[in-house]
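Student: Could you take me through one part of this protein up close? I would like to see how a single piece sits within the rest.

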Amino acid sequence: ATLCLVDLPGYGFAEAPQETRLQWTEFTLWYARSRKNLARVLLLINAQAGLKPTDREMISYLERHHVPWQIVVTKCDKVKKRDLAKRLELLQAEVAGFRQNKGEPI
């Protein structure tokens, strides 16, 4: 089996013109929806910020199109250890009910 990770342009923060970001988002949505061999989408979520509205929109989109997904938490080193455990617990609770969620946040 071959593992291939594809880093797609972000749908959240990016230093690019609005039109360019919109094109990236459209491409990302098309890619996630149309790749039949796509095993899972990994959503990168900033530990400091938690789920943003754009993240929730992406999760809803993936759910509607039956695309498996899982969260990867980033910037954990920027959060105090005692706060990180609480944030991870909250994040896990927020995504627990989704059918296409294929695992705990990593």
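Tutor: Happy to; we will start with the whole protein, then look closely at helix 1 and one of its residues.

Keep in mind that this is a predicted model. The protein has three helices and two strands, and along the sequence they come in the pattern α-β-α-β-α. With a radius of gyration of 14 Å, close to the 13 Å that the globule rule gives for 106 residues, the protein is as compact as a globular protein of that length. Its C-alpha trace spans about 40 × 35 × 25 Å along the principal axes. Buried residues account for 28% of the 106 residues. If you take the contacts between residues at least 6 apart in sequence, 72% of them join residues at least 24 apart.

Now to our chosen part. Helix 1 covers residues 18–34, which makes 17 residues. At 1.5 Å a residue it should span 24 Å, and its end C-alpha atoms are indeed 24 Å apart, so expectation and model agree.

Next, which residues of helix 1 are buried? They are T28, Y31 and A32. These three cover an arc of only 95 degrees around the axis, and that is why we can place them on the same side of helix 1. A general rule helps here: an α-helix has 3.6 residues a turn, so residues three or four places apart point the same way. On the other side of helix 1, you will find Q18 and E19 exposed.

What do the buried residues of helix 1 pack against? Their partners are strand 1 (41–46) and helix 2 (53–64).

Let us zoom in on T28, one of the buried residues in helix 1. Its relative accessibility is 10%, and buried means under 20%, so T28 counts as buried. Setting aside neighbours within four places in sequence, T28 is in contact with L8, P9 and M58. You can also look for G10 in the model: G10 and T28 are 18 residues apart along the chain, while their C-alpha atoms are separated by 8.2 Å.

To put the picture together, helix 1 has T28, Y31 and A32 buried and Q18 and E19 exposed on the other side. Its buried residues pack against strand 1 and helix 2. Try finding T28 in the model, and then look for its contacts L8, P9 and M58.

Definitions and conventions: Residues are numbered from 1 along each chain as its sequence is written. This is a predicted model: local features need pLDDT of at least 70, side-chain atom pairs count only at pLDDT 80 or more; totals for chains, interfaces and linings use all residues. Side-chain values use heavy atoms; hydrogens and water are left out. Helices (H or I, at least four residues) and strands (E, at least two) are DSSP runs, numbered from the N terminus. The expected span of a helix is 1.5 Å times one less than its number of residues. Buried means under 20% relative accessible area, exposed over 50%, partly exposed in between (1.4 Å probe, protein chains only). The arc is that of the directions from the helix axis to the C-beta atoms. Contact means heavy atoms within 4.5 Å. The radius of gyration is taken over C-alpha atoms; the globule rule is 2.2 Å times the number of residues to the power 0.38.
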